[in-house]
Structure formats: C-alpha cells, structure tokens
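Work through the exercises below with the coordinates open. Each task is followed by a stepwise solution.

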Amino acid sequence: MRWFRRLFRKEAVEKQLDAELCFHIEQQISDYIAEGMNPGEARRRAQAEFGGVERVKEECRDVRWETHADNFLRDVRYAVRTLWRSRAFAAAAMVTLALGIGASTAIFSAIDNVLLDPFPYKDSRHIVTIAIRDTDQNEQDRRNQFSFPELQTFVRQNRVFDSIVANAEDDILYTTGDSTFRFGGDYVTPNTFEFFGVAPLLGRSLEPTDYKPGAPPVFVMRYVSWINQFGGDPSTIGKSYMLNGTPRTMVGVMPLRFAWGGADLWMPRNPVEPDTVSSDHFQRDWYWGAVGRLKPGVSIPQAEADLGVIAQQLATVHPEEYPKHFTVKVETLADAVVGSRFRDTLFILFAAVALLLLIGCGNVANLLLARSATREKEFAVRTALGAGRWRLVRQLLAESLVLAIGGSLLGALIAWGGIHALAAQIPAFTIASESVIRMNGLVLVFALLVGMSTTLIFGLAPALQVGRRDLSDALRDCVKGPGGRSVRTGVHHAVIVCEVAFSLTILIAAGMFMRSFVALTQVKLGLRPDHVLAARIPLSPDRYKTASQVAGFFQPLLARLKSMPGVAYATETSAIPPYGGIRSAVQVSGKVHTENWPSIFQLCSEDYFSVLRIQLMQGRTFTESEVNDARKLAVINQTFQSQYLGTGNPIGARIHLDELNKFPDAVTDPWFEVIGVVADAKNHGLQDPVVPEAWLPYTVTGSAGRGILVRTVNDPAMMVNAVRREIWRTDHNVAMAFAETLENFLNIFSYGQPRFGLLLVSIFAVIGLILVATGVYSVIAYATARRTHEIGIRMALGAASGDVQKLVVRTGLRLVAAGIAVGLLASLGLSRIIAKELWGVSPYDPLTLAAVPALLLFVALLACWIPARRAAGVDPLVALRHE
Amino acid sequence: MATNTERTEFLKGTLDMLILKIVALGPSHGYAISQRIQRISRDFFQIPQGSLYPALHRLEERGWLEAEWRDTETGREAKFYKLTKKGWKQLDAEILGWKQTAEAVSLILRTVE
C-alpha cells in the first residue's frame with residue numbers, strides 16, 4: 001500500500017515536493033532566459049510569479065491524508081503529556097468512567113441473560129407453565145404436576161394453546177461394570193423436541209417413531225452431563241447403556257443451553273400406553289409437569305380463565321385432588337423459574353446500576369467542566385497568540401478521546417471480570433439451568449457510547465466557550481473575584497448532593513445486608529454441620545419395595561461404614577437436615593382435636609442423633625436392635641412436646657402419624673410410643689422457627705426417599721469416594737447421588753443467596769464511595785482553584801493556613817451534609833422494600849444508620865482535605881500576581 | 001474583457017477538468033501543464049502556481065492521477081502525472097456535465113424576449 005508507506009516515509013515525500021516545485025521554477029527561469037532575459041532578472045521574475053513556496057507546500061500537504069493522521073498523532077501525544085501532568089484528574093475521570101461502564105454492563109448483561117432472555121427455545125416468550133394454586137395458602141403453595149388423565153383433559157378442552165408438552169422426572173440408575181451412577185431423567189411426551197425447536201449438537205433428538213409401541217428404547221443427553229460422564233466422546237452416540245435395568249441407546253446430545261427440566265437425559269414416553277413405571281411408586285400419579293405454547297394474541301389472564309373453567313369441572317369430579325379454593329396459575333417460563341423475589345432483587349439492581357452509569361457520567365462531566373474552568377486562561381492566551389478555534393477543538397478532542405478510550409478499555413475489562421465473578425457467585429437453583437451468563441455485546445456498546453459521548457461533549461466545552469467569550473474578558477478575569485458563583489457551580493453542587501445521597505442509600509442497604517447475613521450465620525442450628533457427609537441414595541423401586549428389602553441394604557451398609565477408618569458415626573436418613581422431612585398430620589393418644597396438627601417425621605437409624613450431635617433432653621434414643629426389629633418407637637423434639645403433649649411426662653405417650661397409612665408400603669395402625677425428647681434443631685430452613693418433628697426407625701416401611709449421614713473424623717469431602725465404594729460393595733446397582741458435606745449444603749441452600757445479595761450491594765457501595773470521593777474532590781478542587789485569588793488576599797490580610805483549610809473543608813462538608821440528609825430520607829423510603837430481603841435485623845437498625853453516614857463523612861473529609869491543603873499552601877504573592 | 005481576478009475565480013470551478021484534460025493528452029509535469037493551459041487557451045487562463053500544485057496533489061490523492069518520476073527531454077528528472085482509469089471516467093463525467101451546463105447557459109442567453 002503506497003499511501004500507507006507514505007506515512008513512514010515523510011522525509012522522502014517532503015523531498016519530492018521540494019524537487020517538484022524547484023523543477024517548476026527552474027523551468028520557468030530557463031524559459032525566460034531563452035526569451036532573452038538576463039539570469040538574475042529571470043530568477044527574480046519566476047520567483048515572484050510563483051509566490052510563497054512555503055505556502056504552496058503547506059497547501060499541498062493539506063490535501064494529503066497522512067498529514068492529518070500525523071497531526072492527530074501529535075495531538076494525541078500532546079494530550080497524553082497534558083493528562084500526565086494532571087494525573088490525579090485523568091485517573092479520577094478514567095476510573096469513574098470505567099466503573100460506570102463496567103458495572104452497568106456486567107449487571108445489565110446478567111439481567112438480560114437471567115431475566116429477559118434466559119431460554120434458547122423457539123419463541124420462548126410464549127411458553128408458559130401451568131399450576132394449580134391454593135388461594136387459601138401462600139403464594140408459593142401450588143401443584144404443578146398432573147396425572148395423565150388430568151393433563152389429557154387440559155390438552156383436549158383448552159382453546160388457548162397451540163400445543164402442550166409434558167415431562168416427568170425420575171431417578172435413572174446407570175449401571176456399568178461394578179458401578180452405578182444416578183442421572184436425573186425426564187420422560188418427555190411426543191413432539192417435545194419439535195416444541196422447543198432446538199437442533200441437536202450431535203446425533204439426533206427424539207422423533208415420532210421413538211414413541212411407537214415396541215420401538216427400541218433410546219435417550220438423548222444433555223451436553224454438560226455427557227461431558228461429565230462420558231468425557232465428550234462422540235463415539236458414545238449409537239451405543240447402548242443399562243439405565244434402570246434396561247439397555248437404552250444414546251441417539252444424540254443437545255447443545256449446551258438445552259436443559260429442559262434440568263434433566264441429565266431425556267427419554268420418549270407416550271403416556272397413552274399403560275403406565276408401567278409409575279404403577280408401583282408412591283404418588284407417581286402426580287407425575288407430569290406441563291408447558292404450553294400460547295396461541296398468538298392470547299394473554300396470560302385469558303389462558304388462566306380458560307384453564308380455570310376446565311379445572312373447576314375436574315375438581316367436581318375429583319374433589320380429593322383439588323384444594324377447596326384455587327385458581328389456575330399460568331406463568332411464562334422465565335417468571336416460573338426465576339421467581340418473583342429474585343426478580344425484584346435484580347430489578348432493584350437494574351435501577352441502581354442505571355443510576356450509577358448516570359452519576360458516573362455526571363461525575364466525569366463535572367471533572368471535565370472543573371478542569372476546563374481552570375484552563376480558560378490557557379485557551380484565551382493561545383487564541384490570542386493565533387491558534388485557530390479548530391486547532392483548539394482538535395486538541396481538546398484528542399484529550400477527551402484519550403480519556404474516553406482509556407476509561408472505556410478499563411470499563412470493558414471491569415465488565416468482563418465482573419460478569420465472570422457474577423456467574424461464579426450466582427447462587428444455585430435461583431436461575432434457569434438454560435441461562436448462561438455472558439457479556440452482552442449490545443449492552444457494552446451502549447454503555448461505551450454513553451460514556452464516550454459524555455467525555456467528548458463535556459471535554460469540548462472549553463473550546464465552545466473560547467468561541468463565545470470575549471478574549472480580553474477571559475484574559476482579564478481568569479481568576480474570579482470573591483463570591484463569583486455561576487449557574488454551572490449550582491449544577492456541580494447538585495450532582496454532588498445526588499451522589500452523596502445515592503451512595504448513602506446504597507451503603508445503608510449494604511450495611512443492613514451485612515448485618516442480616518451475620519445474623520443468619522449466627523443462627524443456632526441445634527445440630528453440628530461440620531464433619532458430616534450427606535448423600536441421597538435413590539433405590540430402584542423394582543428391587544426395593546418392602547421394609548425388609550430396604551433394611552437388607554442399609555443394615556450391611558451401615559455396618560461397613562461404621563467400621564471404616566475415619567468414620568465416627570453413620571446413619572440412614574430420609575431427608576437432609578435442616579430442610580424438613582416427611583409432612584404428616586399427627587394424633588396424640590388421649591387428646592381430642594378437630595384442627596389439623598401438622599408435623600414432619602424422619603426415618604432414621606440409631607446413630608442419627610450422634611451424627612448430628614443433637615442433644616438428648618429426656619428419656620433415650622433408639623438402640624440398634626430396636627431399629628433392626630422395626631419397633632414402633634418415636635423420638636420427638638421439644639417443639640413437638642410443648643405443642644402437642646402439654647406439660648405431662650412425654651415418655652410413654654403414643655402418637656399416630658397419619659401419612660404412614662398412605663404409603664405404598666403402608667404401615668398399618670401407625671401408633672408410635674415416645675421414648676425420648678431431643679433439643680430443638682432447625683428443621684425448616686434456617687430462617688423459620690422449628691416445627692414439631694418425630695424420628696422413627698427407618699425399618700418400619702419400604703417407601704420414601706433414602707439417604708445417609710456420616711460423621712467423619714477428618715474432612716468429610718475426602719471420604720466421598722471411599723463411602724461410594726462401600727455402597728457399591730453392598731449392592732453395585734445402587735448409586736450415591738448429591739454427595740456433599742453438610743456445610744456445603746448449608747452454603748448452597750441457605751447462605752448462597754444472602755451472600756450473593758451482600759456481595760452485589762457491597763460492590764455497589766464501594767463504587768458509590770469512590771464516586772463520592774472523586775465527585776467531592778473534583779468540585780472542591782475546582783472551587784478552590786477559582787478562589788486562589790481570594791485565598792491569597794485572605795492570607796495576605798493575615799489568615800492562617802488553618803483558617804484557609806477550614807474555609808475549603810466547610811464548603812465541601814455543607815454539600816455532603818445536604819446529601820446525607822437526602823440520602824437518609826431516601827433510605828427510610830426504601831426501607832420497606834429492603835425489609836423484605838432482610839432477616840433478623842430491623843430496617844431501621846440504629847447501628848447501621850449511624851455508622852454509614854459517619855463513614856461517608858470521613859471519606860468526604862478526606863476528599864476535601866487534599867485541595868484544602870493545596871489551598872493552605874498558596875503563596876499570597878503568587879496568587880495576587882495572577883491579576 | 002474580464003479582469004484577471006474574475007478569470008481566476010471562474011477558473012477555480014473548472015481547474016480540475018482542465019488539468020485532467022491536459023494530462024489526458026499525454027503524461028506531463030506541473031510546469032508543462034500550466035504552460036499548456038495558458039497556451040491552448042491563448043493566454044486567457046493564467047494558472048497561479050498556488051492553485052496548480054495543491055490541485056495536482058488533490059487529484060492524485062483522489063486516485064484520478066498517478067505520478068511517476070522520469071527524465072524530461074532536457075535530461076532533468078521531473079514528476080510526471082498521467083490519468084488513471086478512474087481519472088478517465090471522471091474526465092468524461094466532467095466534460096459531459098460542462099457541455100450540459102454550457103448548453104443550458106447558451107439557451108438562456110439566446111432567448112429573445
């Protein structure tokens with residue numbers, strides 16, 4: 001490229017230009033000489049005719065692009081030098097810009113990925129979930145699974161859906177050699193893959209022929225599970241695997257974001273055929289979750305009304321399956337998965353982050369304006385010396401561009417890091433399995449545009465002023481007299497007050513979250529989660545139906561576990577504490593009551609209370625032989641005793657657990673004799689009060705979910721593989737699922753979300769503080785610079801440097817105080833919203849309300865102090881000589 | 001007779017076309033171009049050098065002319081300009097435009113009230 005090379009061959013180009021013009025003049029001279037002129041006269045005339053050689057050269061250069069590029073580079077170099085001289089200003093502007101751009105992009109991207117467009121499915125905005133909501137209970141109490149005949153009724157009679165597909169979850173045990181693993185499997189109805197419209201990554205998805213009676217059993221895998229289990233080996237496709245005792249062929253793998261139902265694999269199932277799988281399993285009748293695609297133009301209330309009519313008819317036929325008062329709840333996929341609480345949190349963030357970007361830009365504008373004000377004289381002088389306005393604009397443009405590009409690059413970096421941090425920190429199970437949090441390019445571009453245009457627009461302000469103002473005027477009063485106060489000063493001040501108020505509000509929220517989180521971590525659990533390994537053990541319903549079959553597995557397993565080195569205690573369990581148990585109404589012998597007495601119960605073995613270190617208060621716990629003999633004995637907690645047994649001696653009381661009657665492997669006459677009372681331990685999550693709970697020997701029934709709890713001497717995470725080996729040694733067709741330390745379970749289910757909220761708010765709080773610091777600094781520094789003259793006079797008249805510092809600091813603190821007042825009001829207004837997210841702390845927590853303004857005041861003081869010190873160092877002679 | 005300044009003003013709009021036309025007759029250097037325009041127009045146009053060279057460089061920048069250093073008949077090295085393909089097209093377009101304008105102007109001038 002010749003034109004490109006020219007850029008680096010400037011000298012050669014110059015020489016050529018020289019030679020070209022010389023040639024012209026010399027030709028002219030020789031022509032004149034040929035006409036008979038004497039050489040001296042010829043030269044004089046030729047030169048006179050040609051005019052100013054330098055001017056012609058300049059004009060020639062001007063038409064060439066590399067000259068402009070060259071000028072621009074020079075401008076940029078000069079700009080970098082200028083900015084380097086005022087490093088503090090440049091750093092403040094760039095960091096502010098970067099924080100605004102980075103934080104807003106990261107949060108906007110997350111919101112887009114989580115809330116606005118989390119699903120990769122065709123037309124996913126019109127896919128809705130269907131649930132029956134009990135209007136006598138709270139919002140979350142709903143049934144979203146349907147028996148197949150019920151579902152068929154909806155499919156046939158509705159007039160609002162294009163189509164409905166359903167899925168049914170099942171534990172799928174995959175046996176290979178001597179090992180068994182558990183997959184979350186989903187049976188899916190015909191047309192499911194057509195419904196979602198996602199092409200498989202490898203192989204094929206399920207097709208109509210797979211649903212025909214007698215078709216060879218097949219399945220399709222989720223990408224992540226395929227990578228984890230089969231290492232992403234493409235040759236696994238077309239091979240057959242033992243799933244729940246039946247060989248099934250893997251026909252395809254779906255792309256990363258296809259995660260329907262959160263399943264690991266999908267199998268075809270046409271529920272018209274007699275339901276063989278669900279026939280023998282507890283509650284398997286409530287099996288199918290359904291989603292439908294709304295017909296074009298049908299709104300959600302319309303769909304709810306239409307389905308409501310059908311459901312009311314069903315309720316009259318099957319009253320036992322419907323609550324007394326109910327509505328049909330139809331929700332879009334995103335609403336159903338993300339849930340309203342988390343959505344509120346994200347939308348508050350959304351508002352906060354938009355405000356942040358705005359304030360960041362306002363801050364940058366403030367900084368630039370402040371700087372331009374102090375440079376008025378510089379520009380006036382340069383204009384007076386003959387610099388064209390365009391020249392000044394170009395130079396300011398270069399400066400702003402350097403700032404904008406620096407800030408933008410830093411901002412993009414922050415956005416990138418922020419998104420990764422967010423994705424890593426976002427709590428499990430609060431967002432759809434399908435959503436992948438990654439940078440949204442459009443959002444980044446938008447934020448960059450806002451940031452850069454702010455910088456460019458406000459960066460050019462001084463150039464526009466130079467055009468408008470009378471030069472001599474600017475030169476004369478470049479130092480404002482005392483009391484000089486313009487509209488612009490008012491704007492600066494308003495921005496500062498807003499910043500302080502915003503920052504204070506966020507900081508107070510952060511403080512509240514922090515206190516709430518601390519309160520949560522200090523909850524007395526009543527059990528010791530350290531050194532405990534927990535796992536679910538899904539038993540195949542075909543081979544483990546009766547109590548003795550289940551005991552036949554656990555008795556040898558528990559014996560093996562207890563004899564392992566490093567294991568202190570091991571127990572069977574039916575739920576992972578502290579998250580509930582099997583719900584059941586309860587009767588107490590000798591007590592008559594009409595209302596429902598709710599409780600939960602656990603099926604466990606003798607070591608349960610030793611594993612969890614739950615304190616025995618009265619009586620005793622089970623012995624090994626009592627458990628093995630399936631004796632009808634019960635241990636209860638203190639809440640059970642105080643709520644249902646009254647003040648008498650609880651030992652020997654007889655309690656009836658209604659639910660055991662209804663199990664597939666039912667316990668006839670489920671009366672249990674209380675032999676002991678244990679201290680209350682959290683059993684309904686960390687934040688709710690303890691509910692009445694009873695423990696029974698696990699050997700009384702073959703039904704219900706099973707798991708183990710193992711207390712280890714050392715880190716329980718190190719024992720996972722050893723425990724799994726013992727399980728396979730006992731029965732290699734049993735899998736250990738969700739093996740995790742109890743502390744991790746608590747982290748995931750209890751601490752994850754509050755910690756995430758705390759993290760987000762803290763980030764905002766820190767950014768807010770930085771904004772306040774730079775904002776206050778820029779405005780005070782600007783005001784001080786404009787008052788140098790005044791300060792000089794004051795000092796000449798005898799003011800001490802301490803007085804000057806006080807003067808400057810007072811100006812700053814007045815603004816900060818106003819901001820704090822506004823911020824406190826805003827916080828009080830917001831406290832009701834925040835209260836919903838808080839636990840264990842009042843939204844008017846006095847400690848937070850006092851500490852946060854103090855912190856803010858301290859930071860503001862620091863920001864004022866730097867310019868104040870500079871002001872105090874003013875030499876009166878220098879200041880006055882300015883005039 | 002128009003004054004010199006008026007002619008220069010008039011020249012400005014058509015200089016590009018004139019240069020392209022001259023160069024189309026054969027590759028030539030700046031001095032020759034100015035001499036030829038002057039001679040062919042029978043001294044009607046005297047191109048000030050202050051306009052000629054920036055114009056040449058502008059046309060080269062636009063890709064209508066390309067330059068080459070070679071020897072003149074007198075054995076001196078000079079920068080010779082010649083027309084590029086784009087230059088030929090541009091010349092045709094400008095001549096067409098000029099003719100249309102000239103025709104329109106002469107039509108108006110010939111109109112008798």
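**Exercise 1.** List what Ile655(A) touches in this predicted model, leaving out residues up to four places away in sequence.

Solution. Step 1: the contacts of Ile655(A) include Val586(A), Gln587(A) and Val588(A). Step 2: Ala634(A), Ile636(A) and Phe640(A) are also touched by Ile655(A). Step 3: the list for Ile655(A) ends with Pro670(A), Trp671(A), Phe672(A), Val674(A) and Ala694(A).

**Exercise 2.** Place Ile655(A) in the largest nonpolar core.

Solution. Step 1: this core has 144 residues, and Ile655(A) is one of those that touch the most other members, together with Phe554(A), Ile708(A) and Ile727(A). Step 2: helix H25 (residues 742-786) of chain A supplies the largest share of the core, 19 residues. Step 3: another core, of 41 residues, lies apart from it and includes Phe146(A), Phe161(A), Val298(A) and Tyr322(A).

**Exercise 3.** Describe how helix H2 (residues 10-34) and helix H4 (residues 53-62) of chain A cross.

Solution. Step 1: the two axes come within 11 Å and cross at roughly 130 degrees. Step 2: angles from 65 to 115 degrees count as roughly perpendicular and those over 145 as roughly antiparallel, so H2(A) and H4(A) are oblique to each other. Step 3: the crossing of H2(A) past H4(A) is right-handed. Step 4: H2(A) contributes Glu14(A), Leu17(A), Asp18(A), Leu21(A) and Ile25(A) to the contact, and H4(A) contributes Val53(A), Val56(A), Lys57(A), Cys60(A) and Arg61(A). Step 5: sorted by class, this contact has six nonpolar, four charged and no polar residues.

Key
Residues are numbered from 1 along each chain as its sequence is written. Chains are lettered from A and ligands numbered from 1 in the order in which they are written. This is a predicted model: local features need pLDDT of at least 70, side-chain atom pairs count only at pLDDT 80 or more; totals for chains, interfaces and linings use all residues. Side-chain values use heavy atoms; hydrogens and water are left out. Axes are lines fitted to C-alpha atoms, for helices over the stretch in contact, and angles run from 0 to 180 degrees between N-to-C directions. Helices (H or I, at least four residues) and strands (E, at least two) are DSSP runs, numbered from the N terminus. Angles under 35 degrees count as roughly parallel, over 145 as roughly antiparallel, 65 to 115 as roughly perpendicular and the rest as oblique. A crossing is left-handed if the near helix is turned anticlockwise from the far one by less than a right angle, and right-handed if clockwise. Contact means heavy atoms within 4.5 Å. Ala, Val, Leu, Ile, Met, Phe, Trp, Tyr, Cys and Pro count as nonpolar, Asp, Glu, Lys and Arg as charged, and the others, Gly among them, as polar. A nonpolar core is a set of buried Ala, Val, Leu, Ile, Met, Phe, Trp, Tyr and Cys residues joined through side-chain atoms within 4.5 Å. Buried means under 20% relative accessible area, exposed over 50%, partly exposed in between (1.4 Å probe, protein chains only).
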